[in-house]
Structure formats: structure tokens, C-alpha cells
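Me: Please take a close look at a single part of this protein. How does that part fit into its surroundings?

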Amino acid sequence: MYHMCNTGTVRFRSTDEEPWIRRFVALLMNFVLICDLAAVSAYNIDTNYPILYPDNATNRHQYATTEFARGYFGYTVLLYRDSEQNSTWLFVGAPRGNYTEPTRLSRRSASISEPGVVYRCILPGPCVEIRPAIVENEYINVIDELKGRIMKEHSWFGSAISIDRNSGFLTICAPRAIMSITLYNGDQVYTMHGMCYNNQLFWKSTVNTDKSYINNYGYSTTAGYYFSQTRLLYASGDPTWNQVGQVAVLDPGKSVRMVANLRGTDIGEYFGASLTTGDLNKDGLDDLVVGAPHWKNDNGRVYIYLGTRKGEFDTSSILEGANEDAQFGYAVACGDLDGDGFSDIIVGAPWDGSGAIYIYNGDISLKDKVKPAASQKITMQLPTYSLPTKLDIRTFGFSIAEPVDVDANGYADIAVGAYKSGHAVILRSRPVVRTTLTIRTIPDTLQRNFNKFLVQVCVEYRDYDKARAQAFKIILTIDERQKRTKETLLELSANTLADRCLNTSVTLSKNIQDFIEPITIYALHEFTHKDLPGRTFCDTCPVERKSDTSKGVQALLSFDIGCGADRVCNSNISAIVKFSGVRQVKHRVNNNTWVIGSNDITLEASLMNQAEPSYLTTIAFTLPQNIVLRSILPYCQEDTVGDNLTVICNVGNPLGKDELKVVKLDLDMRHLTDGSQHGRVLEFITEIRTRSVNHGTRTIKSSLTLQSEAFLTLNGKANEESYYLPDLDKEQLNVSFQHTYQILKSGATPIREAQLFVNIPTSVNGSNSLVFLHKPRVRIKYNKIVMIYIAGGYHDCSSYGIDMIDAQQNELQNEILSDAANVNAPIFNSGMPQNVPHELRKRRDIRSHTIVAAHIVKALYTAKTVKSENSTGNLTRQEVVHLNCSTPSVNCSVVQCDLSALKTQQDIGKLVMRLILNVTKLKDTIGLSDETKIVKFSTEAHVEIVQPANRIASVEDTRYAMNLTTEFHSTAKTQELQLSVVLVSVTLGLIVLCIIVIFLYTSGFFRRKMKEELTALKENEMTEDVNKGENTGTPE
């Protein structure tokens, strides 16, 4: 068992000076020699094979009844390697522990509870307890005749441990040891004085300083050469100073003095709770790391101060904990983990979940105040190959030992304490190697007709010679982006580095398009050793240096493109873009126009290269919105960017000198139907792209102006232009007639909104209606009384102010009928009117048989004109009465029809209005009499295009308005024809006929000489034929 002597004498001090001196003395030696090491990044810390104490102790059975968690096993940890004995020790403090075998102690010591225990474990091997030379309470001489008793119960022996690396001088402190002093008068004075134990007299000194600056001085300590390589300074933390904390840097010369003072910034952050030292930027001077674990919501943070030769610190950066209550920075340490000369920072966060440690890279960039990033976060909650799966390790990172190489592989290892669960964990480092790869290709330049090439990869290791004995592999990634080789991923393996170079053959793909871009070859080196369950830790298996980019290398293999030694192809491409199927407008900058709704068009581009070859030449067309392709070319691809279609066509790889390419795109314009876009200019962008350097045309912008072209032509016809009204004395007389209007659409642009308006005279001077409308003989929607026929279907119209009569209910008596016209029939037809009265129809039949007589009768009996009774212009006293909407005294109604269904060119709409005129009311209103009088009834119609509002001027003979007129004639009563008049007329006719016959006879019209002339002509022809036969000697 390892015994230590006590410190000999303890100086009594007044109670107001005790706290800070006691902490300083107790903890100063614990951190005097912490951290003089470094590493760039801690990626080489192995977490698969941790060593766990007390579980991995070979004498674990001896401590079967020991409650390690209750004793705070892992409260402090310390690593030490004895190079003379070639052994490594792990010291673990359990400040609330009890000795395992109290029966061996005296009766006085058997009753001491939780004095604290320190365990020394040989790696690998058993653990033993370290005890003071005197375990029980002991009596000492304080001064003169004053006696004191050191009370060791709950003294927290092992809460601070330190060792000198060179001499092996070990110091263990019990900061809660209480001293009882008997005064001269017999009174007892108790003070928590604290004790430190080692194998020689403990040196201590006091610090003369103002107590207002140092209240809990000595809470944490460290030492280093901060300002000079020959001047060792001590740093001591006081985390409660002025509620923010501070760190004092002391020079322990003949007279202790403060040479620097660092202070916290946030209240309650506990600045100075942990300290460590190391050369983080490799400048030859130590740097100071200060923990503040209660910053923010106990997130915690760590301050980095760089030592300088100016005698003061430079603040480098601040590391901040991300998780609340984690107390990031509760413990800090420095160590050389990969041996590159830079110190790394190890930060404990014991309440980050079940605990974690973070590794931060030391680097020269810290001089530039570059904030380092965590290179590794380690927790004991991850699965490992050597620990029980259900092991519960808590407060991992509460204590961190100065890194020491425990397995003699040349790389420092870490010991981490987890007092809450009673554990100490050792994490070992793997060797780090710097790998250099080189790639060579055969040939070094590819001809375009080659089909394969050779790749050679050579490997070289640095910083760790034993890496040559390890198996490795090379992963080749070849032309991964363009895939111009059949093999894009290859793996080359080697057991050792006997062969420094590995070779493989690569086959090129067929139909390669890109010869400008070189083939990219990327090689990555990996060691093939794998950690597996059941294996032991391989302390010679290296890992790649994480910050070393040489473990992966890239090479480029170029094609021979025939553009000279500089491998730069200077092309000169000229291009012309034009439209086909559009209108050309003279004297305009943008002379290409297209009528909305008309035929599709073609966009044609012509390219010619006038210089060196142009590789991967494409032409990209960006089309305006709503324009697509009618068909896609096989060498083109479509892509949509936003609302615009982009068409990319390959035109040559390469496009040789003086080579002409023509690309035609058939554009589908059917989605452009909005006539309101009249005047809008569409922009077509044509872009020429090539992997070569193009000194010619690159972008062409072509404009196309949209125009709206839509016209409506209005035609009409009255079913009968004239009606004769007999029997005016009848009580009720009605005439049915029709007015038909036809609307013809011209122009390609669809009409979005158009109206037909028809004005119909209905009354005079506010009288009752004279004119009515028949209901259509089809189903009527929404009580519409008029329908228009457009493009094969019926559409409703609206009427205002006109009465409607159902013809099927026989509401009209003595009606002069007119059959309804077929809406599909032509509007201008010939023949006899359909609505002639029966008396007039019979008279016309007679006249067709005796045409001459009828004309004579008509000449003899012409209707007399009734003389005007009033010459003042009154409507009821005029010989010709005009019933139209232009006459002031006439009241009119309106029929309105929507013409939006007229979409395509040459669409036709037809409105048939069957009107009924009440002649009786007309007679009463305007004074029709038996004398001749004419009534001219006119409807007025006009069409109006609302949308598109803007259109080009009409080039056709269009008509937007017209009138239809029907005349109604009132005839006088016919007189009885006298017999004498008939006889005279017949006699006169016979006389005229006789005269004509006599004239024809005398002129020889009735003489029949034709037969004799024909017979003579026939005889002459026969005679001529006989004469011809005799002359030729041909028999008949």
C-alpha cells in the first residue's frame, strides 16, 4: 500500500483570511503542470473500445461491496506514465468514499465516515487504494504550546490530485479537513483548514493582495509560460468575484505579485470555474483557456486567451454551449492528440444529456481570431464494442485528465470522470497519417477515336511509418458527372505497400458528345481495417488526417480537340433569325405582325461558323408565355423556366468551319386568343451557346407585334317588302310579317363581347301597342322572347318594351298569315311571298295565265291616291306614313342579342323576328281610309364590338348598321267591271292580233322553202364525192 506523510505544520490564520488562502493552497498544485500539449483535431479519438473503471479492473471482485457511485468515484482523474517502469497509472479520486477494509484500522479510525479514497489503477491491471500515512484523526503542535487535532471525517480526500511528470511527485488534497485547536483557556476552535499530502514537506506561501479582488481565490488553478518561455506564471480563478468572476495571473517570485487580471462579462456565468493551459497556435508561448459553465441558462462557454511577448493576453475567441443546463466548460483540458504541435481544447459538459466532451482544433488561425469548430463530440450513450449495452454512465465530462499516451503508440489518450454513476473512462487515440496520392494516365491526351486508357495511382505515407504495414484501398471515381466512361466507380485493394502503385484500365463510352470538358479522375485512399465486436483495440491502425486534403487527389484527362496548343477553340458564329407566316409592315422597325387567332407561324434560325471548330454548339430559343411547339425536333429538348418555354437544340459537335445549320421551330399559337392584347410586342430570345470561345453572334432578340382583326357585317331582308290591305272595314285585321337580320363575322381574332341592337316601332304618341312579337316555337330560357341562331345553336336575346303573343293559342283573329322562315335558309331567296292574302293570291294565279290581259286591267284600274286633308305634316294626315324610330312621335322597343358566340372566321348569326301588325289599331291611330295610303314600317339594327376594343382598321366593305322596311298599302274599293268594257277590250285585242299575222304573212314568214334547199345541197355533196373517187382510182 502506498503511504504518504502529512505536511508537517499548518500555519494558523485569522478566519477572514482563511477561505481564499486555503483554496489556493489546496488546489494550486493540482493544476500547476496541466496541459502543455496540442493537436489539430480530435477525430482520431476511438469510441468503439473505451476502457471503463472500475468495471475493467482485474481485481473488480475485491470491491464487490464498494458503492462507487456513492463515493463519487470519478470526481477527479489523473493519468501518469512511468517511462522507467514502462507502465501507465490511472488515479481516480472518490472524495466521499470509504476504505474497503476498515477492520485493519485501529478502533479510532474504524468510526471515521467518508474520509475519501484515491485509487491507483495500472493500465491494464488491478486498482489499489491510496491512503495517508495516518488514517485516523491525528494531533499536532500548532504553535508554541497550542495543540491541534486534524479531523478526517468527510474531509474529501482525493478531491484534488496532481503529479509532477518528471519526478512522479504526487500530491493529494483533502480540502474539507477540519482542525480543532485548544486555546490556552481550554476553549476549542474549529476551522475547515484543509490538508494536502505528499512524500515531502509541502511548501506554501501567502499572497498579499486586496481581499476585495479575491474572495474565493484558488477555486481553480493552472500554470504556463504565457509571456516568456523562461518565466513560469500561475493562474488562479475566483468565479464568484463581483458576481461575474475573475482570473488572476501571479508571478511566484520572491514577492508574489499579480501580473494580469481577466474578468467575466455576464453576471452569474462563473468565469474562472475551470482553467487549462496549452500552446494552441504553436507560437512557442502557452495560451490560457477559461471556463464559465453557468453562462446564459447554464449553457456555458469557454474563453480563449493567447499569450504574447507584450506581457498581456490577446482575446482570441469564445466557444459557446448550445444546450441549456449542459454547463459547457465545467471542466477543460489541453493535450496533443495527433502530434502535429498544436494544442487542442477538450471541454466537458457533464449535464449535456448524460454528459459529453467536445474537442476543438488548435490552429495558427487563432491568431486571426478565427473561431474553431468542434471536430468531435463524444458521449457514452453511443453503442460500443467493449461496454455493456445497458451501462448507465452519468455526468460524463465532469473531470478531464491531462492527455497521456497510455498504450505507447505515440499519441495521447484521454481519461474522463463521471462521478454521478461512479465511473472513469479512458479513450485512446489512433495514429494519424498523412497520405499523398498521385495519379497518372496513359496516354496523357485522348484522341477522339480512342476507346480506353490506363489509370495509375501511387501512394506515399508520412508522419507514421507503421502505416506501410496496413491494408488499404483506392476508390476511383471517373467522370461521375458526364459518365463518358463505362466504369465510373472502381475500387483497387492492396494488403501492404509492397507495390507503391496500382493500375487499372478504363473503357470509354460510345457516342461521346463533350470533348471540351476533360475527364475527371478522383482517387480516395482508405485503410481497410474495420472495428468489429469481439476484436481488441488496434493501437497501430492509423486514420487519415482529417484536415489533410492529400488523401484525395484529382486528375484531368483531356481530348485532342484540334484547336492548337492552348486548347482554346476560337469560333465565330453568325446567325439570322426570321419568322414565316407573319405579315410584313413596311416602314416599321419591328415589321413582323401576327393577327391574334390566325394561323401558326415558323421561327427559323440559320447559323454558320467562320473560324475554328465550335464544340457542343447549341441554340436556345426562349419563347414568350403561352407559345408552345406544334412538334418537337429529334435533336431538341424542351424545358420550362417560369412561364416561358425554352427549346434547346444541338447544332453541331463540332460545328466546323464554313458549316451551315438551319433550325426551324413550328410554333403553336392557338393559346393566344385574347384580342385585348392588340399592340403587345412578343419578344423571342435566341441564344447561341458553345463550349468554345465564340467571337460572333451570341444573342438575338426578335419581336412580333400582336394585332386584333375582327369585323361584323350586318345584312337583312324583309319577308315581304309590300302588303296590300283590303277590307279595312273589318273590326279586327292583323298582318304577320318577318324581318330577318344576318351577321357575318370576318377576321381571325375571336370576339369576346359584341351586341346586336334592333329598334322596333311599337306605338304612336303613347297609344296602345300596334306591333307584337310571336313567341319562338322552342323552349325559352329565363323568359326570353327572342332567340338568335349562331353557329349551329340558339342563343337567347333580351327584349325591352314590346308585347309577346303566343301564336299557338289563336289569340289573333282574321290574321293575314306569313309562315315562319327557316333560319337555315338563305336570307335572300326568290319566289312568291308566303304571306300574300288569299284574294291577292287568286288574282295572281289568273294573271299568270292571261299575262297581257292582266297588265291591261292593271293599267286601267290603278289605285287612286287619296288627297291629303291636312298639309301641316301631321302623321295622320300624310299620304305616306313612316313608322320608324327616327320619327319623334313613334315609340320604340329594343331587342338586344349577345354575339359572343361568333368566334371563328366566317361564323354567321341570324335573327328572325316574326312581327304582328294590328291594322285596326293602326287605322284608328293614323286614320287609314278607303283611299290609297302607304305606311312604311322600318326596324333599325346595328352591331357593336365591345371586346377587343382596339383593332386594326377594316380593309373590307363592312356594314355595322341597316334598316329593314315593309310597306303596307291601303287600296280603294274595286268597282264592278261592265260588260261593254270587256267586249271593247277583247275586240281591240283581236284587231291587234290580226294586224300582226298579216304583217308576218306578207314578209314571207309562213313560206316553206327550206325543204327544197336542203335537198339540193345534199345532191351537190354526192356529186363531189363521185368525182374524187374517179381521180384516185379507188373503187367505190
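Reply: A polar contact is a pair of N or O atoms within 3.5 Å; within protein, one must be able to donate a hydrogen and the other to accept it, and residues adjacent in sequence count only if both atoms are side-chain atoms. The model is predicted: local features need pLDDT of at least 70, side-chain atom pairs count only at pLDDT 80 or more, and totals for chains, interfaces and linings use all residues. Residues are numbered from 1 along each chain as its sequence is written, and side-chain values use heavy atoms, with hydrogens and water left out.

Take strand 53, which spans residues 734-746. Start with the loop that follows. Thr 749 sits there, between strand 53 and strand 54 (753-764). A polar atom of the Thr 749 side chain lies 2.9 Å from the backbone nitrogen of Glu 709. Thr 749 counts as buried (under 20% relative accessible area; exposed is over 50%, partly exposed in between; 1.4 Å probe, protein chains only), because its relative accessibility is 0%. Its contacts (heavy atoms within 4.5 Å), outside four places in sequence, are with Val 595, Ile 596, Gly 675, Gln 707, Ser 708, Glu 709, Ala 710, Lys 903 and Pro 948.

Now strand 53 itself. Strands (E, at least two residues) and helices (H or I, at least four) are DSSP runs, numbered from the N terminus. The protein has 64 strands and eight helices. Strand 53 is mostly covered: twelve of its 13 residues are buried. For the whole protein of 1036 residues, 48% count as buried.

Next, the partners. Strands pair if DSSP finds at least two bridges between them. Strand 51 (residues 711-718) runs antiparallel to strand 53, and eight bridges join the two. One bridge links Gly 716 to Tyr 741 of strand 53. Strand 62 (residues 908-918) also pairs with strand 53, again in the antiparallel sense, over eleven bridges. There, Thr 740 has Val 912 of strand 62 as its bridge partner.

Zoom in on one residue of the strand. His 739 belongs to strand 53. Its relative accessible area is 0%, so His 739 is buried. Its side chain makes a polar contact of 2.8 Å with the side chain of Thr 939. The C-alpha atoms of His 739 and Val 912 are separated by 6.1 Å, with their positions 173 residues apart along the chain. Beyond four places in sequence, His 739 touches Lys 717 and Ala 718. His 739 also touches Leu 911, Val 912, Met 913 and Leu 915. Further along the chain, the contacts of His 739 include Phe 937, Thr 939, Leu 964, Thr 965 and Thr 966. Such long reach shows in the total too: residues 24 or more positions apart account for 70% of the protein's contacts with a separation of 6 or more.

The nonpolar packing comes next. A nonpolar core is a set of buried Ala, Val, Leu, Ile, Met, Phe, Trp, Tyr and Cys residues joined through side-chain atoms within 4.5 Å. In the largest core, of 45 residues, Leu 756 and Leu 899 touch the most other members. Leu 756, with neighbours within four places set aside, contacts Leu 714, Ile 743 and Ile 788. The same list for Leu 756 holds Val 895, Gln 896, Cys 897, Leu 899 and Leu 911. Ala 941, His 942 and Val 943 are also in contact with Leu 756. Another core lies apart from this one; it has 38 residues, including Tyr 464, Ile 478, Leu 490 and Phe 527.

For comparison, look at a polar residue elsewhere. Gln 456 is in strand 31 (residues 452-462). A polar contact of 3.1 Å joins its side chain to that of Asn 503. Gln 456 touches Thr 438, Ile 439 and Arg 440, and also Cys 501, Leu 502 and Asn 503, with residues up to four places away not counted.

Back to the part you asked about. Strand 53 has twelve of 13 residues buried. Strand 51 pairs with strand 53 through eight bridges, and strand 62 does so through eleven. His 739 adds a side-chain polar contact to Thr 939. In the loop after strand 53, the Thr 749 side chain reaches the backbone nitrogen of Glu 709 at 2.9 Å.
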